[in-house]
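Here's a quick tour for anyone opening this one up for the first time. Have a look at the sequence and the model, then follow the notes below.

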Amino acid sequence: MNDALHIVCPGCGAVNRIPGARLGDDPKCGKCRQALFTAHPLELTGADFQKQLERNDIPVLVDFWAPWCGPCKMMAPAFVQAASQLEPRVRLAKLNTEIEQSIAARYGIRSIPTLALFHHGQELARQAGAMGAPDIVRWTRANLPG
């Protein structure tokens, strides 16, 4: 990973070029100076969903969830733990399907929680059902592009 990677800022949405070898050096956004990785899932909206999926050169793991979903609430702390283990090689994000119903429909989300792993806007893998942090990390690493 010595080539420069495009990383979308979770704060301002600016696309940053970061040398692959420096990804783990706590890079900051060149525009807003915010940390590009916080070891915490990013809350996506309809406004930034596509940009995060398509413009990041690292894979993006999305948790499709809803606030009324019991298993989603149970999995939330595990997803945060997984973020601390998978970043900066994978961006973790959450999408509230109650608010962003059109995105959930576009991706055919039938049950929640559902995890979907994307790279350059293409879905690589999908897993429905709640998982613990070790299982999220293991499943994600098993499905990362080669």
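Let's start in the middle of things, with strand β4, which spans residues 60-65 and is mostly covered: 6 of its 6 residues are buried. Keep in mind that what you're looking at is a predicted model. From β4 we'll work outwards to the sheet, then to a few residues and charged pairs.

**Strand β4 and its partners**

- Both faces of β4 are covered. On one side you'll find V60, V62 and F64, on the other L61, D63 and W65, and all of them are buried.
- Strands in a sheet pair through hydrogen bonds of the backbone, and they can do so parallel or antiparallel.
- With β5, β4 pairs in the parallel sense, over 6 bridges. To find a spot where the two meet, go to W65, whose bridge partner in β5 is N96.
- With strand β6 (residues 114-119), β4 runs antiparallel, and 5 bridges join the two.
- Two places to check on the β6 side: D63 has L115 as its bridge partner, and V62 stands opposite A116.

**The sheet as a whole**

- Zoom out and you get an open sheet of 5 strands with mixed pairing, in the order β3-β5-β4-β6-β7.
- Which strands sit at the edges? They are β3 and β7 (122-128), each of which pairs on one side only.
- On average, neighbouring strands of this sheet are turned by 25° against each other, direction ignored.
- Helix α2 packs on the sheet, where it touches β4, β5 and β6. The direction of α2 makes about 155° with that of β5.
- Follow the chain from β4 through α2 (residues 70-86) to β5 and you've traced a right-handed β-α-β unit.

**R91, an arginine tucked away**

- R91 lies in strand β5, which covers residues 91-96.
- Is R91 buried or exposed? Its relative accessibility is 2%, so R91 counts as buried, the cut-off being under 20%.
- A polar atom of the R91 side chain lies 2.9 Å from the backbone oxygen of V8.
- Leaving out residues up to four places away in sequence, R91 touches a long list of others, including I7, V8, P10, L36, F37 and L42. Also among the residues touched by R91 are Q52, N56, I58, P59, V60 and L61.

**I58, in the loop before β4**

- I58 lies in the loop between α1 (49-55) and β4.
- I58 has a relative accessibility of 1%, so this residue counts as buried too.
- Again leaving out residues up to four places away in sequence, I58 touches L5, I7, L23, F37, P88, R89, V90, R91 and H119.
- Take P88 from that list: I58 and P88 are 30 residues apart along the chain, yet their C-alpha atoms are separated by 8.3 Å.

**Salt bridges**

- How many salt bridges are there? The count comes to 6, and here are three to look up.
- The side chains of D63 and K94 meet in a salt bridge, 2.7 Å from N to O. This pair links distant parts of the chain, with D63 in strand β4 and K94 in strand β5, 31 residues apart. D63 and K94 are both buried.
- D26 and K28 also meet through their side chains, with 2.8 Å from N to O. D26 has 44% relative accessibility, so it counts as partly exposed. K28 is partly exposed as well, because its relative accessible area is 36%.
- E123 and R126 form a salt bridge in which the closest N and O atoms are 2.8 Å apart. At 34% relative accessibility, R126 counts as partly exposed. E123 is partly exposed too, with a relative accessible area of 33%.

**One more loop residue: T38**

- T38 is found in the loop between β2 (15-19) and β3 (42-44).
- T38 has a relative accessible area of 48%, so this residue is partly exposed.
- In sequence, T38 and V137 are 99 residues apart. In space, C-alpha to C-alpha, T38 and V137 are 17 Å apart.

Terms used: Residues numbered from 1 in each chain as written. Predicted model: local features only at pLDDT ≥ 70, side-chain atom pairs only at ≥ 80, totals over all residues. Heavy atoms only, no water. Helix = DSSP H or I, 4+ residues; strand = E, 2+ residues; numbered from the N terminus. Buried < 20%, exposed > 50% of the residue type's maximum accessible area, 1.4 Å probe, protein only. Polar contact = N/O pair within 3.5 Å; in protein donor to acceptor, adjacent residues only side chain to side chain. Contact = heavy atoms within 4.5 Å. Pairing = 2+ DSSP bridges. Right-handed = clockwise from strand over helix to strand, strands pointing away. Salt bridge = Lys/Arg side-chain N within 4 Å of Asp/Glu carboxyl O. Axes fitted to C-alpha atoms, helices over the stretch in contact; angles between N-to-C directions.
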